[in-house]
Amino acid sequence: MAASISANGFKGGWPSAYCGSRGASMWGENYAASVPTRVRVGKRPTRLVPMMKNVNEGKGVFAPIVVVTRNIIGKKTFNQLRGKAIALHSQVITEFCKTIGADAKQRQGLIRLAKKNGERLGFLA
């Protein structure tokens, strides 16, 4: 006669500490039923400031002209026009760098300088 062994121990005998259900002890109490699965700590903080805000608004000599123009022609058209102007200016800087023999690193530095000057003068308001 061979003795058979199951997952719980010997056949007909020794209980395991694990009874197979979540939160159940070996004596049969079910602790999982009284424990909440999610706990809400508090409300999320509300934002008082809009997410997208122009930090250059009102700064620089040309800022009032830029703001009035944006309000007249509309934000979408204004951003398209601004994008074309920036692209054209970058092309001029690139051609200038080719003329004087400046490398790509110097060209990138000039483009960054142009952006900083545009911010100071109010073109990016």
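In the predicted model, F62 is located in the loop that connects β2 and α1. The residue is partly exposed, its relative accessible area being 32%. One aromatic pair is present in the structure. In this pair, the ring centres of F62 and F123 are separated by 4.7 Å and the ring planes meet at 15 degrees, so the arrangement is classed as stacked. Because F62 belongs to the loop between β2 (9–10) and α1 whereas F123 belongs to the segment after α3 (104–121), the pair ties together parts of the chain that lie 61 residues apart in sequence. F123 is likewise partly exposed, with a relative accessible area of 41%.

Both phenylalanines also contribute to the surface of the model. Together with V61, I65 and L121, the residues F62 and F123 make a nonpolar surface patch of about 460 Å². A further relation between the loop and the end of the chain involves L124, a residue of the segment after α3. The C-alpha atoms of L124 and F62 are 9.1 Å apart in space, although 62 residues separate the two in sequence. L124 has a relative accessibility of 19% and therefore counts as buried, since the term applies to values under 20%.

The overall arrangement of the chain provides the context for these contacts. The secondary structure of the protein chain consists of three helices and two strands, and the order of the elements from the N terminus is β-β-α-α-α. Of the 125 residues in the protein chain, 13% are buried.

In soluble globular proteins, nonpolar side chains tend to be buried together. In the present model, the largest nonpolar core is formed by five residues, namely A63, V66, V67, F78 and A125. Helix α1 supplies three residues, the largest share of this core.

A125, one of the core residues, is also involved in a polar contact with helix α1. The partner is R70, which is found in that helix (residues 63–73). A polar atom of the R70 side chain lies 3.0 Å from the backbone oxygen of A125. Computed along the sequence, the two residues are 55 positions apart, while the distance between their C-alpha atoms is 9.5 Å. R70 is buried, with a relative accessible area of 14%; this value falls under the 20% limit for the buried class.

A charged interaction is found in another helix. The structure holds one salt bridge, in which the side chains of E95 and K98 meet at a nitrogen-to-oxygen distance of 3.8 Å. Both residues belong to helix α2 (residues 75–100), and because they are three residues apart within that helix, about one helical turn separates them. The two partners fall into separate accessibility classes: E95 is partly exposed, at a relative accessible area of 45%, whereas K98 is exposed, at 61%. The assignment of K98 follows because a residue is termed exposed when its relative accessible area is over 50%, and values between the two limits are termed partly exposed.

Taken together, several of these features concern the end of the chain. F123 stacks with F62, L124 is buried, and the backbone oxygen of A125 lies 3.0 Å from a polar side-chain atom of R70. The salt bridge, by contrast, joins E95 and K98, two residues within helix α2.

Technical notes
Residues are numbered from 1 along each chain as its sequence is written. This is a predicted model: local features need pLDDT of at least 70, side-chain atom pairs count only at pLDDT 80 or more; totals for chains, interfaces and linings use all residues. Side-chain values use heavy atoms; hydrogens and water are left out. Helices (H or I, at least four residues) and strands (E, at least two) are DSSP runs, numbered from the N terminus. Buried means under 20% relative accessible area, exposed over 50%, partly exposed in between (1.4 Å probe, protein chains only). A polar contact is a pair of N or O atoms within 3.5 Å; within protein, one must be able to donate a hydrogen and the other to accept it, and residues adjacent in sequence count only if both atoms are side-chain atoms. A salt bridge is a side-chain nitrogen of Lys or Arg within 4 Å of a carboxyl oxygen of Asp or Glu. Rings of Phe, Tyr and Trp (its six-membered ring) pair if their centres lie within 6.5 Å; planes under 30 degrees apart count as stacked, over 60 as edge-to-face and the rest as tilted. Patches are made of residues with over 30% relative accessible area and no salt bridge: like charges are joined within 9 Å, nonpolar side chains (Val, Leu, Ile, Met, Phe, Trp, Tyr) within 5 Å. Accessible areas come from the Shrake-Rupley method with a 1.4 Å probe; for residues, only the protein chains shown count as cover. A nonpolar core is a set of buried Ala, Val, Leu, Ile, Met, Phe, Trp, Tyr and Cys residues joined through side-chain atoms within 4.5 Å.
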